[in-house]
Amino acid sequence: MAKIKKGDLVQVISGAKPERGGDRGKQGKVLEVLEGGNRVVVEGVNYITKHNRVGQTQRGTKTGGIETLEAPIHVSNVALVDPETKKPTRVGFRLEEQVKNGVKKTVRVRYAKKSGKDI
């Protein structure tokens, strides 16, 4: 089970400060976790400008140009945000037993280490 998943609220914990044009301290939702689990794409963080070749669709409209989009950031540079305190926290796992239709099942649950709340 991954510590950070798509849809989680994370905060950037390393890099340049905002005064120097960086993203440290910014919070955003994880849009995508890339294969291998090493990188994540975070909403509103690590913007790049991408130049796409200008072309034409079959209807005659122009495509391409310059677009700004979020680039991946290494997973070690972000921390999950605690749902209670809204500050970065570490992630832990605990085993819990769930009873569903009379059947016991052991499930791994992610929780915030600072507050102990389930994520």
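In this predicted model, Asp-23 is located in the loop that runs between strand E1 (9-12) and strand E2 (27-33). Its side chain reaches the backbone nitrogen of Asn-46 at 2.7 Å. The points below proceed from this loop residue to the sheet, the nonpolar core and the salt bridges.

**Surroundings of Asp-23**

- Not counting residues up to four places away in sequence, Asp-23 touches Val-12, Ala-16, Val-45 and Asn-46.
- Two of these contacts, Val-12 and Val-45, are also members of the largest nonpolar core.
- Asn-46 appears in the contact list of Asp-23, and the backbone nitrogen of Asn-46 is the atom that the Asp-23 side chain reaches at 2.7 Å.

**Sheet architecture**

- An open sheet is formed by 6 strands in the order E6-E3-E2-E1-E7-E8, with antiparallel pairing.
- The edge positions belong to strand E6 (73-74) and strand E8 (88-89); each has a single partner strand, so one side of each is left without a neighbour in the sheet.
- E1 and E2, the strands on either side of the loop that holds Asp-23, run antiparallel and are joined by 3 bridges.
- Within the pairing of E1 and E2, Val-10 has Gly-28 in E2 as its bridge partner.
- E2 also pairs with E3, again in the antiparallel sense, over 3 bridges.
- Val-33 stands opposite Val-40 in E3.
- The hairpin of E2 and E3 has 5 residues between the strands, and in this hairpin Gly-36 takes a positive phi near 85°.
- Strand E3 (residues 39-42) is joined to E6 by 2 bridges, and these two strands run antiparallel.
- In E6, the residue opposite Val-40 is Ile-73.

**Nonpolar core and Val-40**

- In soluble globular proteins, nonpolar side chains tend to be buried together.
- The largest nonpolar core here has 11 residues: Ile-4, Val-10, Val-12, Val-30, Val-40, Val-42, Val-45, Ile-73, Val-78, Leu-80 and Val-91.
- At least two residues of this core are supplied by each of E1, E3 and strand E7 (78-81).
- Which residues are in contact with Val-40, leaving aside its neighbours within four places in sequence? They are Ile-4, Val-30, Glu-32, Val-33, Ala-71, Pro-72, Ile-73, Val-75 and Val-78.
- Among these contacts, Ile-4, Val-30, Ile-73 and Val-78 are likewise listed in the core.
- Val-40 thus combines core membership with positions opposite Val-33 and Ile-73 in the sheet.

**Salt bridges**

- Side chains of opposite charge can pair when their charged atoms come close.
- The structure holds 5 salt bridges.
- One of them brings together the side chains of Lys-117 and Glu-84, at 3.7 Å from N to O.
- This pair links distant parts of the chain: Lys-117 is in the segment after strand E10 (103-112) and Glu-84 is in the loop between E7 and E8, 33 residues apart.
- Lys-117 has a relative accessibility of 42% and therefore counts as partly exposed.
- Another salt bridge joins the side chains of Glu-96 and Arg-94, at 3.2 Å from N to O.
- Arg-94 also forms a salt bridge with Asp-118, in which the closest N and O atoms are 2.6 Å apart.
- Because Arg-94 lies in strand E9 (residues 91-100) and Asp-118 in the segment after E10, the pair ties together parts that are 24 residues apart in sequence.
- Arg-94, Glu-96 and Asp-118 are joined into one network by salt bridges that share partners.
- Each member of this network is partly exposed: the relative accessible area is 29% for Arg-94, 27% for Glu-96 and 41% for Asp-118.

**Surroundings of Asp-118**

- Asp-118 is placed in the segment after E10.
- Leaving aside neighbours within four places in sequence, the residues in contact with Asp-118 are Pro-83, Arg-94, Glu-96, Val-109, Arg-110 and Tyr-111.
- The side chains of Asp-118 and Arg-94 make a polar contact at 2.6 Å.
- The C-alpha atoms of Asp-118 and Val-91 are 9.7 Å apart in space, while the two residues are 27 residues apart in sequence.
- Val-91 is itself one of the residues of the largest nonpolar core.

Note on methods
Residues numbered from 1 in each chain as written. Predicted model: local features only at pLDDT ≥ 70, side-chain atom pairs only at ≥ 80, totals over all residues. Heavy atoms only, no water. Helix = DSSP H or I, 4+ residues; strand = E, 2+ residues; numbered from the N terminus. Polar contact = N/O pair within 3.5 Å; in protein donor to acceptor, adjacent residues only side chain to side chain. Contact = heavy atoms within 4.5 Å. Pairing = 2+ DSSP bridges. Core = buried A, V, L, I, M, F, W, Y, C linked by side-chain atoms within 4.5 Å. Buried < 20%, exposed > 50% of the residue type's maximum accessible area, 1.4 Å probe, protein only. Salt bridge = Lys/Arg side-chain N within 4 Å of Asp/Glu carboxyl O.
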